[in-house]
Amino acid sequence: MLLSIRKFLLINLFMAVIIISSLTIIGSYYLAHKDIRRYMDSLLVQATLICQGLINKDISEDHLGEIQQQLDAIPAQISHFTNNMVRNPLKSHYTNRFQFQVWDTNGKVLLHSANAPKNKLYSPQDGFSNRFIDNEKWRVFTIHDNQLGIVIVAAEPFVIRDELGNRIARDDLYIMLLTYPISGVLIWFIIGLGLKSIRRVADEIAHRESNYLEPVDLQSVPVEIKPLVNELNKLFYRLHQALEREKRFAADAAHELKTPLAALRTQTQVALRTTNEQERNTALQHLITGVDRCTHVVQQLLTLSRLLPEENMLEDIKKVNLPALAAEIIAQLVPAALEKNIEVALINRKPIVIIEGNAIALGILIRNLVDNAIRYTPNNGKVKIYITTTSNHVNLRVTDNGPGIPPELRGRVFERFYRVLGNQSTGSGLGMAIVQQIALLHKAKVKLATPKNGKGLEVKVMFPNYLSSK
Amino acid sequence: MRVLLVEDDELLGDGARAGLLQVGYSVDWLKDGLAAKYALETETFDIIVLDLGLPKLAGLELLRHIRAQGIATPVIILTARESVEDKIKGLDAGADDYISKPFDLDELYARIRALLRRRSNRAQPTIAFANLELDPASHTLKREGKLVSLPRREFALLHKLLENTGHVLSRDQLMQSLYSWDEEVDSNTLEVHIHNLRKKLDADYIRTIRGIGYMVEKR
């Protein structure tokens with residue numbers, strides 16, 4: 001699990017730098033060796049040819065002896081130069097290792113460099129060869145001058161080449177080691193710069209007020225984290241929407257409670273002021289009604305707020321036997337109906353109709369529909385609940401013979417706190433909003449219509465998740 | 001004083017009506033905007049207490065309509081909406097005052113009194129006339145500094161007459177300011193009240209204009 005981009009980049013980039021520089025050192029070590037070899041070989045050739053030129057086709061002893069004298073003086077001259085005249089003294093180690101010999105065909109040394117080995121360095125063939133002389137490996141270039149009857153050979157121990165190559169490689173390595181801390185700091189700095197834009201976005205989000213949900217400006221965001229910020233913006237938007245909805249809901253709720261509260265206050269004041277016993281009793285009765293109404297509104301608000309999670313998820317989905325559930329709920333509402341002498345009937349042909357859903361939510365739906373029907377139906381009315389099935393739907397219909405709702409207003413009853421006639425004091429205005437929400441959660445449709453007999457209201461809920469019936 | 005209460009909420013309407021009746025106003029309570037509109041086209045009220053969220057015709061529309069008709073009756077808006085914008089909208093539509101729910105009945109009374117005072121161009125909260133001093137707030141009448149006990153209706157009748165000194169008030173106007181529509185009243189009730197007032201005030205401030213009504217002359 002990658003937890004820090006900075007750490008990951010730092011470690012891996014630094015590793016990459018080490019690997020690449022190591023490869024470079026190894027590569028340059030081999031290449032340097034090759035170049036050194038070529039270069040030194042060419043020096044051998046040149047030295048041999050110069051030697052041949054110096055002899056100048058005169059192999060008389062006088063001439064050669066003169067040259068040999070000068071050759072023998074060279075080491076002393078070099079040490080003179082190295083000690084006095086040159087700032088960076090040449091290493092005698094190198095300077096004294098380049099040797100040459102000139103032999104005649106009888107095996108006699110005609111000329112040789114001051115420190116040349118006594119043994120023959122040359123090989124029988126012209127050109128380059130590698131030879132072991134005095135337990136040392138030598139690189140040798142040989143020319144057989146058949147006209148003069150001499151062999152000219154220039155030689156140099158391999159040790160020198162190896163050492164040169166190694167020295168160059170070692171210097172490279174030193175340079176590399178010196179650059180590692182620098183490249184480390186540079187990488188760290190560059191990563192920091194790159195991550196700065198991410199941190200800026202993070203800071204911007206971190207320092208937001210909790211209720212500031214405006215989107216982050218995508219213009220100032222690096223391409224790489226644009227998808228992330230985009231998703232964040234979407235989340236902000238959804239949160240904003242949800243928050244707005246909640247705010248509106250809370251405001252609506254508070255607003256809706258003001259009228260019942262005003263009624264409570266007024267009725268209380270009337271009761272306090274009056275000297276008339278009957279008027280006081282009436283006001284107190286009204287007070288109780290008002291308290292009941294507030295309780296009802298609060299209960300409905302709570303129900304609705306529980307049903308309002310944004311994700312539209314319904315938990316605890318089970319098989320529900322709709323007629324049994326309806327009978328249970330309706331039984332609880334019968335006393336309220338009997339108070340108004342309203343006849344309530346549940347009509348279902350099949351005793352078992354199974355749908356998939358949340359039993360508690362479905363219970364609330366049925367309660368609201370039947371409760372509404374009882375509330376809005378005048379005394380001596382009729383409320384009927386039908387449960388029917390089609391090939392793939394279960395229909396729950398609640399009909400009453402109350403005043404009904406004009407078709408043009410039917411859409412509005414699903415709005416929160418909308419009350420059709422306004423003078424029905426006991427409704428919360430939330431019942432149908434709750435029904436609608438529960439129906440939505442069950443993917444069911446709610447339709448309002450006029451019953452067949454032409455009077456009252458029919459609310460039809462069509463459930464698609466029909467499983468079985470008997 | 002005759003108050004038109006337009007409130008669709010049963011409990012609040014009932015409470016407000018009872019409260020206004022307690023202090024001697026005659027109250028007509030209507031539950032939707034349309035009924036109020038019709039009532040205002042034919043009847044006169046001293047003050048209108050108007051809810052905004054009304055069925056059939058919204059309170060603000062009703063308000064604009066009656067102002068367009070030239071009805072200048074003072075209007076107190078009674079509403080749960082209390083944002084500044086709402087208040088501005090209400091006042092600009094022609095309301096004279098604004099009271100938000102839940103409210104105190106005493107505050108409602110005081111605001112009604114203030115509007116009535118303003119309408120009759122009085123600066124004093126009490127009405128002084130000859131040796132009388134009528135205080136609408138405390139519902140008291142003083143004659144030469146001494147309290148005179150008056151029943152609710154008689155006080156209201158005197159209040160109405162003193163508010164309109166120099167104007168003849170018809171029998172209908174006076175009856176409407178004393179009784180709501182739903183109250184059953186004998187035909188000579190007004191005469192009885194006038195008679196009682198004259199007796200208690202010990203002076204004939206109230207002139208009968210035969211066939212038309214009554215008036216108190218300006219002094």
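A salt bridge here is a side-chain nitrogen of Lys or Arg within 4 Å of a carboxyl oxygen of Asp or Glu. With that in hand, welcome to a set of close-up views of a predicted model.

**Figure 1. Arg293(A) and Asp9(B) pair across the interface of the two chains.** The side chains of Arg293(A) and Asp9(B) form a salt bridge, with 2.5 Å from N to O. Three salt bridges are found across the interface of chain B and chain A. Eleven residue pairs, both partners at pLDDT 80 or more, are in polar contact across this interface. On the side of chain B that touches chain A, the elements giving two or more residues are helix H1 (10–22) and helix H5 (105–119) of chain B. H1(B) supplies the largest share of that side, nine residues. Sorted by class, the side of chain B that touches chain A holds ten nonpolar, three polar and ten charged residues.

**Figure 2. The interface of chain B and chain A as a whole.** Here 23 residues of chain B make contact with 22 residues of chain A. Between them, the two chains bury about 2100 Å², and 56% of this area is on carbon and sulfur atoms.

**Figure 3. Lys108(A) and Glu61(A) form a salt bridge within chain A.** From N to O, the two side chains are 3.7 Å apart. This pair links distant parts of the chain, 47 residues apart: Lys108(A) sits in the loop between strand S1 (99–104) and strand S2 (109–112) of chain A, and Glu61(A) in helix H2 (residues 61–85) of chain A. Lys108(A) is partly exposed, at a relative accessible area of 44%, while Glu61(A) is exposed, at 63%. For context, a search of the whole structure gives 27 salt bridges over all chains.

**Figure 4. Arg2(B) meets Glu43(B) in a salt bridge.** The N to O distance in this pair is 3.1 Å. Again the pair links distant parts of the chain, 41 residues apart: Arg2(B) belongs to strand S1 (residues 2–6) of chain B, and Glu43(B) to the loop between helix H2 (33–42) and strand S3 (47–51) of chain B. Arg2(B) has a relative accessible area of 1% and is therefore buried, the cut-off for buried being under 20%. Glu43(B), at 22% relative accessibility, counts as partly exposed.

**Figure 5. Arg67(B) and Asp96(B) tie a helix to a loop in chain B.** The closest N and O atoms of this salt bridge are 2.9 Å apart. Arg67(B) lies in helix H3 (residues 59–68) of chain B and Asp96(B) in the loop between helix H4 (84–92) and strand S5 (97–100) of chain B, so the pair joins parts that are 29 residues apart in sequence. Both partners are partly exposed, Arg67(B) at 22% relative accessibility and Asp96(B) at 39%. Over in chain A, Asp41(A), Arg139(A), Glu156(A) and Arg161(A) are joined into one network by salt bridges that share partners.

**Figure 6. Thr165(B) is a buried loop residue.** Its place is in the loop between helix H6 (152–163) and strand S10 (169–170) of chain B. The relative accessibility of Thr165(B) is 16%, so this residue counts as buried. Leaving aside residues up to four places away in sequence, Thr165(B) touches Phe129(B), Val216(B) and Lys218(B).

**Figure 7. Two buried cysteines of chain A, Cys51(A) and Cys294(A).** Cys51(A) has a relative accessible area of 5%, and Cys294(A) a relative accessibility of 10%. Zero disulfides are found over all chains in a search of the whole structure.

**Figure 8. A cis peptide bond leads from Lys101(B) to Pro102(B).** Omega for this bond is near -10°. Pro102(B) lies in the loop between S5 and H5 of chain B.

**Figure 9. Lys443(A) and Glu144(B) each have a positive phi without being glycine.** Phi of Lys443(A) is near 55°, and this residue is found in the loop between helix H9 (431–441) and strand S11 (445–449) of chain A. Phi of Glu144(B) is about 50°, and Glu144(B) is located in the loop between strand S8 (140–143) and strand S9 (146–148) of chain B. Both residues are exposed, Lys443(A) at 67% relative accessibility and Glu144(B) at 61%.

**Figure 10. Chain A has nine helices and 13 strands.** Of the 470 residues in chain A, 38% are buried. Among the contacts in chain A with a separation of 6 or more, 64% are between residues 24 or more positions apart.

Key. Residues numbered from 1 in each chain as written. Chains lettered and ligands numbered in written order. Predicted model: local features only at pLDDT ≥ 70, side-chain atom pairs only at ≥ 80, totals over all residues. Heavy atoms only, no water. Disulfide = S-S within 2.5 Å. Buried < 20%, exposed > 50% of the residue type's maximum accessible area, 1.4 Å probe, protein only. Contact = heavy atoms within 4.5 Å. Buried area = accessible area lost by both parts, 1.4 Å probe. Polar contact = N/O pair within 3.5 Å; in protein donor to acceptor, adjacent residues only side chain to side chain. Helix = DSSP H or I, 4+ residues; strand = E, 2+ residues; numbered from the N terminus. Nonpolar A, V, L, I, M, F, W, Y, C, P; charged D, E, K, R; others polar.
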